[in-house]
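Reader: I am new to this structure and would like a close look at a single part of it. Please take the lining of any enclosed empty space as that part, and then set it in its surroundings.

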Amino acid sequence: MKGSETGLLRFMGGYSDRYIIPVYQRRYNWRKEQCRQLYQDLQKIVTERRASHFVGSVVSQVTGSEAMTEHQIIDGQQRITTVTLLLLAMANMVKAGKIVSQRGKMLYDQIMETYVIDKFARPEDRIKLRLIKSDREDLAKIVARDASDSSSNLTINYNFFCEELLRGSLTVDDMYDALGRLQIISITLDRDDNAHLIFESLNSTGLALEEGDKIRNYILMDLIPSEQETYYTEYWEKIEKYTSGKTSRFVRDYISVKTQVTPTISTVYKAFKEYRQQFTAFKPLANRPKPMFARL
């Protein structure tokens with residue numbers, strides 16, 4: 001594991017980098033309250049002439065090829081996604097002529113080509129931030145300057161930033177400069193680091209994950225990134241659909257059938273983890289079965 005201090009925009013601005021939210025992560029869930037706090041922090045950076053402002057850590061594992069580096073974001077997706085929404089609000093408002101930058105329309109190009117899109121990539125890879133499937137389309141619409149879906153959490157927060165920028169308490173150039181002063185600790189996991197334990201530790205505070213969420217994460221994190229999407233779509237997404245989202249209860253019933261012991265709903269993840277560890281114990285990796293929910 002390696003950690004270093006860097007600017008958030010510098011982290012997000014790699015020319016050939018992609019920022020992947022793995023399918024085991026929950027949906028983007030920041031609300032206006034968190035967005036308002038971020039906006040107020042940025043205002044203080046300007047008015048108090050702060051050199052920097054620390055906003056937390058971003059934990060990732062790096063994969064990909066020489067042509068494209070992929071950062072699998074284990075922790076920090078809420079901050080990265082929210083800053084992307086603010087950048088899009090700034091760029092699109094300048095493009096539409098609703099706010100004015102000293103850089104003129106060049107600010108739009110600078111934001112879009114540095115932090116949002118790679119115009120030379122294949123269409124499916126052009127947006128540098130790859131959210132989970134249920135959020136991906138909403139972000140694509142905002143990038144295309146379509147913010148008409150008021151039910152989308154991404155769109156709600158994007159529109160909030162547009163409204164704040166229109167109020168004009170700070171110029172868009174001051175806001176862009178303030179974003180450049182946001183600092184993070186970038187933590188990159190090595191191949192041998194235990195991602196399960198790190199993820200559990202990082203998610204021990206804040207909005208608690210449900211037992212079904214923990215089980216999904218535990219299994220999918222054991223797969224290589226290319227397999228995570230496949231198994232999520234082919235198996236877990238269907239389980240969520242046919243159980244109406246009550247995956248914790250479904251897995252509890254499954255464990256009850258297999259072990260003849262019924263765990264409480266709050267200990268389903270622990271029971272499932274123990275059962276799976278017994279199931280795979282002492283088996284060579286090549287002979288280990290598919291992820292367990294592929295057989296549920």
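**The cavity lining and its setting**

Author: The residues that line the largest cavity divide into 5 nonpolar, 1 polar and no charged, where nonpolar covers Ala, Val, Leu, Ile, Met, Phe, Trp, Tyr, Cys and Pro, charged covers Asp, Glu, Lys and Arg, and polar covers the others, Gly among them. Before going further, please keep in mind that this is a predicted model, in which local features need pLDDT of at least 70 and side-chain atom pairs count only at pLDDT 80 or more, while totals for chains, interfaces and linings use all residues. Residues are numbered from 1 along each chain as its sequence is written, and side-chain values use heavy atoms, with hydrogens and water left out.

Rolling a probe the size of a water molecule over the atoms shows where empty space is left. A cavity here is a set of points, on a 1 Å grid over the protein atoms alone, where a 1.4 Å probe fits but cannot get out, and its lining residues have an atom within 4 Å of a point. The structure holds 1 cavity of 30 Å³ or more, and about 30 Å³ of space lies in the largest cavity; such a volume is the space filled by probe spheres set on grid points that are joined across faces, edges and corners. Its lining is made by M12, Y19, I80, T84, Y115 and L129.

Among these, T84 deserves the closest attention. T84 sits in helix α3, which covers residues 77-95; helices (H or I, at least four residues) and strands (E, at least two) are DSSP runs, numbered from the N terminus. With a relative accessibility of 4%, T84 counts as buried, given that buried means under 20% relative accessible area, exposed over 50%, and partly exposed in between, using a 1.4 Å probe and protein chains only. The side chain of T84 reaches the backbone oxygen of I80 at 2.8 Å, and I80 is itself among the lining residues. When residues up to four places away in sequence are not counted, T84 touches M12 and L129, a contact being heavy atoms within 4.5 Å. M12 and L129 also belong to the lining.

It helps to place this part in the whole chain. The secondary structure comes to 12 helices and 6 strands, and buried residues make up 47% of the 296 residues in the chain. Of the contacts between residues at least 6 apart in sequence, 71% join residues at least 24 apart.

Two strand positions can be set beside T84. S4 lies in strand β1, residues 2-7, and is partly exposed at 41% relative accessible area; not counting residues up to four places away in sequence, S4 touches I184, I185 and S186. The C-alpha atoms of S4 and S57 are separated by 9.7 Å, with these positions 53 residues apart along the chain. V62 belongs to strand β3, residues 53-64, and counts as partly exposed at 43% relative accessibility; with the same neighbours in sequence left out, V62 touches T69, E70, H71 and T188.

While the lining has no charged residues, charged pairs are found elsewhere. Side chains of opposite charge can pair when their charged atoms come close. A search of the whole structure finds 15 salt bridges, each being a side-chain nitrogen of Lys or Arg within 4 Å of a carboxyl oxygen of Asp or Glu. In one of them K141 pairs with E137, the closest N and O atoms being 3.9 Å apart; these residues are 4 apart in helix α5 (residues 133-143), so about one helical turn separates them. K141 is partly exposed at 30%, whereas E137 is exposed at 52%.

R167 and E164 also form a salt bridge, with 3.1 Å between the closest N and O atoms, and they lie 3 residues apart in helix α6 (residues 153-167), about one helical turn. Here R167 is exposed at 61%, while E164, at 15%, counts as buried. In helix α12 (residues 268-280), E274 and K270 are 4 residues apart, again about one helical turn, and their side chains meet in a salt bridge at 2.8 Å, N to O. Salt bridges that share partners also join R27, D135 and D138 into one network.

Conventions:
1 Å grid on protein atoms, 1.4 Å probe; cavity = no way out; pocket = protein on both sides within 12 Å on 5 of 7 lines; lining within 4 Å. Polar contact = N/O pair within 3.5 Å; in protein donor to acceptor, adjacent residues only side chain to side chain.
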